[in-house]
Amino acid sequence: MAGSRRKSPGITPEILLRAYSIGLFPMAESADDPEIFWVEPELRGVLPLDHFHVSKSLAKTIRKQPFDIRFDHDFDAVIAACAEATSGRPSTWINHTIRSLYSMLHRMGHAHSVEAWDGNELAGGLYGVSLGSAFFGESMFSRRTDASKICLVHLVERLRDRGFTLLDTQFTTEHLKTFGAIDMPKDDYAVMLAAAMDSPHLEF
């Protein structure tokens, strides 16, 4: 993992928000590891809101409205699903401490979820942190085809509508690059982050 790592003996939601404001975010080695460390990548994943790309096939699927999209309906269920091990993802970095901290951030109005529901079943979703005019994407999951992708599209639409200026993805993946995600040098990211932190905190 590129970038610096700093162990954290104990953090509060307030410390967590301060860390985000200066370019740090927490991770754990695994879901079973109680330790948390700070990460500051040399190359930061960013999804430019004005260059977001949706493929024709995904746009066609979205028009069919296969899911009921909800915001902050069941945040704890989303983060629990993101923490689950699956056949394609045998381990995750979301431990009990992280789940507890982000649930507190959610109650404070700084952590949010976008959810795809199929009837009474949670088909997919994502969660992240909002601060200033920035949204820091944390994790996503799918139990149905395209569920998390559709949630991402609705997230971007909501951020644009509310005036957000930065969608941080932490790292880039081939999956995120299909939507237009880029790797941004740490110094360039710091400038963009500082501008977003100078903004009044936007309602998600």
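What covers the buried residues of helix 3? This tour of a predicted model begins with that question and then follows the chain outward.

**Stop 1: helix 3 and its cover**

Select helix 3, residues 75-83. Its buried residues are F75, V78, I79, A81, C82 and A83. The cover over these residues includes helix 4 (96-108), strand 6 (111-118), strand 7 and strand 8. Displaying these four elements together with helix 3 answers the opening question.

**Stop 2: the largest nonpolar core**

Next, show the side chains of L16, Y20, I94, Y102, Y127 and F136, the residues with the most contacts inside the largest nonpolar core, which has 40 residues. Helix 3 supplies the largest share of this core, namely six residues. In soluble globular proteins, nonpolar side chains tend to be buried together.

Centre the view on I94. Apart from neighbours within four places in sequence, I94 is in contact with A31, I79, C82, A83, R99, Y127 and S139. Three of the names in that list, I79, C82 and A83, also appear among the buried residues of helix 3.

A second core, separate from the one just visited, has 26 residues. To locate this second core, select F52, V153, L159 and L176, which are among its members.

**Stop 3: strands 7, 8 and 9**

Now select strand 7 (residues 121-131) together with strand 8; the two pair in the antiparallel sense over eight bridges. One place to look is L126, whose bridge partner in strand 8 is M140. Strands 7 and 8 form a hairpin, with two residues between them. In the turn, G132 has a positive phi of about 60°.

Is strand 8 (residues 134-142) mostly covered or mostly uncovered? Strand 8 is mostly covered, for seven of its nine residues are buried.

Add strand 9 (residues 166-170) to the selection. Strands 8 and 9 run parallel and are joined by three bridges. Here A134 stands opposite L166 of strand 9. To follow the connection, trace the chain from strand 8 through helix 5 (residues 147-162) to strand 9: this β-α-β crossover is right-handed.

**Stop 4: aromatic pairs**

The structure holds seven aromatic pairs; two of them are visited here.

Select F71 and F204 first. Their ring centres lie 6.1 Å apart and their planes meet at 65°, so this pair is edge-to-face. The pair links distant parts of the chain, with F71 in strand 5 (residues 68-71) and F204 in the segment after helix 7 (186-197), 133 residues apart. F71 counts as partly exposed because its relative accessibility is 27%, whereas F204, at 9%, counts as buried.

Bring F135 into view as well: F71, F135 and F204 form one aromatic cluster. Then add R158. The charged end of R158 sits over the ring of F71, 4.0 Å from its centre. That charged end also sits over the ring of F204, 5.0 Å from the centre of that ring.

Finally, select F75 and Y127. This aromatic pair is edge-to-face, with 5.8 Å from centre to centre and 80° between the planes. Since F75 lies in helix 3 and Y127 in strand 7, the pair ties together parts that are 52 residues apart in sequence. F75 is buried, with a relative accessible area of 2%, and Y127 is buried at 0%.

The tour thus returns to helix 3, where F75 is one of the buried residues.

Terms used: Residues numbered from 1 in each chain as written. Predicted model: local features only at pLDDT ≥ 70, side-chain atom pairs only at ≥ 80, totals over all residues. Heavy atoms only, no water. Buried < 20%, exposed > 50% of the residue type's maximum accessible area, 1.4 Å probe, protein only. Pairing = 2+ DSSP bridges. Right-handed = clockwise from strand over helix to strand, strands pointing away. Core = buried A, V, L, I, M, F, W, Y, C linked by side-chain atoms within 4.5 Å. Contact = heavy atoms within 4.5 Å. Phe/Tyr/Trp six-rings, centres within 6.5 Å; stacked < 30°, edge-to-face > 60°. Lys NZ or Arg CZ within 6 Å of the ring centre and 35° of its normal.
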